[in-house]
Amino acid sequence: MKKAIVRYTRNHLIKTSIATATVIALAIPAAAAGAATTYPAMKVTAPAASSVVAGSAVALKSIAGSGTTATWTPARVTFQIDGVNVGTATVTSSVYSLSWNSTTVADGTHSVKSTGYTSRGRAYASPSVSIKVQNAVVATTPTTPTTTTVPPTTTTTTPPVTTTTTPPAPASNPSSLDVNRYGGSLGVGQTGGPKTVTDAINDRANNHAALVRVEATVPYQSQWNYARYDAILTAAKVNGMQVMFLFDYTPQELFPVYNGVAVKSLSGSSAGNVTIHSFPRDPALQDRWVAYAMALVNYSQAHYPGVLGAIEWGNEPNGWEFGSQRGQYPMTPASYASLLLKAQTALKAQYPGVVSVTGGTSPGTTSKVGGGTTGGPNDSYTSVSPATWVQGTTTHTGWYALLKAAGAMPGTYFDHINSHFYDTTINSPWSQPFESLWSVWSGPQVWATEQSASSNALDKKASTTEASQSTWWTTNLDLWHGKGTKAGAWFAFCLYDRQTADTFGYFGLKDGAGVPKPAFSVFAARMGRA
């Protein structure tokens, strides 16, 4: 009997015929024998599937793997939109990134893929991720946000809290071109703690605030998580409230390098998923930052017309944390003025009725935290001396005097100026600093987007009891009201206690569980007006 002879040759099929018998064999590489072959994988990690994106700086991201970590190292990675190559990615910590201009495609649904290449040119593509591009604004006639009836609530605290069954109407038509329409209005915010900003909005039937201040860039987002803002904007619409977006910080992708060195976060991290407590100074990077901010504005206006009422451009640009990033990236008056001009121009070109205010100035008096010297390149511009750098009697006034000297003017750079009056400064000869602030331009209103007083000695502030906090609110709301048309909107820093140990844990008008303090009755009794 003849034996069948089978030859195995690597990666080939060998057909050997002996007599009438035909044998077909598949050669298996020795390294893979007994196991399934694993091919390199790619995965698009941003934008997320079904995301809505807009603007000229959409971050495309991918990893070389199918899970959450990289499993191989491509020689290069490219991205494709609808199958068309849009560029080669750069890599940081195994994450491949590319900034893509979404205005190059029509609004609607598009696919994103990443492709990794081996050193020999073999390509491995990721699964497609479907996204929606929305750059155009939906043409709608702005209407006053609707209101809903809220069941009466009963409190057992002393003093009692007055409630209403229907949220009061907004201060005025949010699409109005009257930039002074929020003068004297009361607003609320909520940053951290057991309660959320949505809780503060849903309490409007009790607190009567006209505006809610929302930190747009906290938590970190390289691409907007629109679902988060859907919840906030929907709650504001239902409760007849307007939203103020605070664009306070910068995703690292939009401020990657300063003086040729990778930018680090406040804690010292240079990873690609950190928040930079400053603004980019390079004009091109500022353009990217403005496009990033406007993407959220466009989304809000398209889906919730009339709800967005105001924008605050930055948080304490004169302060040690934001202004100097511990001395790393100083925000000079000239660079901040440049950013304001770009932001105001982009905003007013599309939405002239949305009010814009400067970043609220810090009441701090220390410029040495970042190791800078007064008047030097790392100065945060909050030092009380020398007079040549801080002009006037307050740190707030000095910053605005410098901003004016850099060319910033109301109307073309901003609508109103803004400062933060906390209990450490507002109980000093307060009316004089206010008048000094207003007199820098003698025109725009002075807004106050953060202020309150502590009710707990743990904060180590001037006021340490609920009674003293209540007195602080009564005194200063009366003072604010007395400023008449010069005074803009006044915000409570947090409606609810954060219960943190960072010296701002007990500034709320209610405790962390939502129980009103005496100061809340003072605030609510004003019915949304100082």
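**Exercise 1. State which element gives the largest share of the lining of the largest cavity, and characterise that lining.**

Solution. Step 1: the largest share, three residues, comes from helix α4 (residues 283-303). Helices (H or I, at least four residues) and strands (E, at least two) are DSSP runs, numbered from the N terminus. The model is predicted: local features need pLDDT of at least 70 and side-chain atom pairs count only at pLDDT 80 or more, while totals for chains, interfaces and linings use all residues. Residues are numbered from 1 along each chain as its sequence is written, and side-chain values use heavy atoms, with hydrogens and water left out.

Step 2: the lining consists of V53, A54, A57, V58, S222, Q223, W224, Y226, A291, Y292 and A295. A cavity is a set of points, on a 1 Å grid over the protein atoms alone, where a 1.4 Å probe fits but cannot get out; lining residues have an atom within 4 Å of a point.

Step 3: by class, these residues are nine nonpolar, two polar and no charged. Ala, Val, Leu, Ile, Met, Phe, Trp, Tyr, Cys and Pro count as nonpolar, Asp, Glu, Lys and Arg as charged, and the others, Gly among them, as polar.

Step 4: domain 1 (42-133) and domain 2 (185-264 + 278-364 + 390-527) each supply at least three lining residues; the domain bounds come from an automatic or database domain assignment.

Step 5: the volume is about 70 Å³, where a volume is the space filled by probe spheres set on the points, which are joined across faces, edges and corners.

**Exercise 2. Describe the second largest cavity and its lining.**

Solution. Step 1: a search of the whole structure yields two cavities of 30 Å³ or more, and the second largest has a volume of about 50 Å³.

Step 2: G189, Q190, T191, R213, V214, E215 and F493 line this cavity. Strand β14 (residues 211-215) provides the largest share, three residues.

Step 3: the classes are two nonpolar, three polar and two charged residues.

**Exercise 3. Determine how the end-to-end distance of helix α6 agrees with its expected span.**

Solution. Step 1: the expected span is 1.5 Å times one less than the number of residues. For the 18 residues of α6 (residues 333-350), the span should be 26 Å.

Step 2: the end C-alpha atoms of α6 are 26 Å apart, which agrees.

Step 3: the buried residues of α6 include Y336, L339, L340, L347 and K348. Buried means under 20% relative accessible area, exposed over 50%, and partly exposed in between (1.4 Å probe, protein chains only).

**Exercise 4. Contrast Q134 and V179 by burial and by contacts.**

Solution. Step 1: Q134 lies in the loop between β12 and β13, and V179 has its place in the loop between β12 (129-133) and β13 (186-189).

Step 2: Q134 is buried, with a relative accessible area of 13%, whereas V179 is partly exposed at 23%.

Step 3: contact means heavy atoms within 4.5 Å. Leaving aside residues up to four places away in sequence, Q134 touches V52, V53, A54, D107 and H303. With neighbours within four places likewise set aside, V179 is in contact with K348, V355, D415 and H416.

Step 4: V179 and V354 are 175 residues apart in sequence, yet 7.8 Å apart in space, C-alpha to C-alpha.

Definitions and conventions. 1 Å grid on protein atoms, 1.4 Å probe; cavity = no way out; pocket = protein on both sides within 12 Å on 5 of 7 lines; lining within 4 Å.
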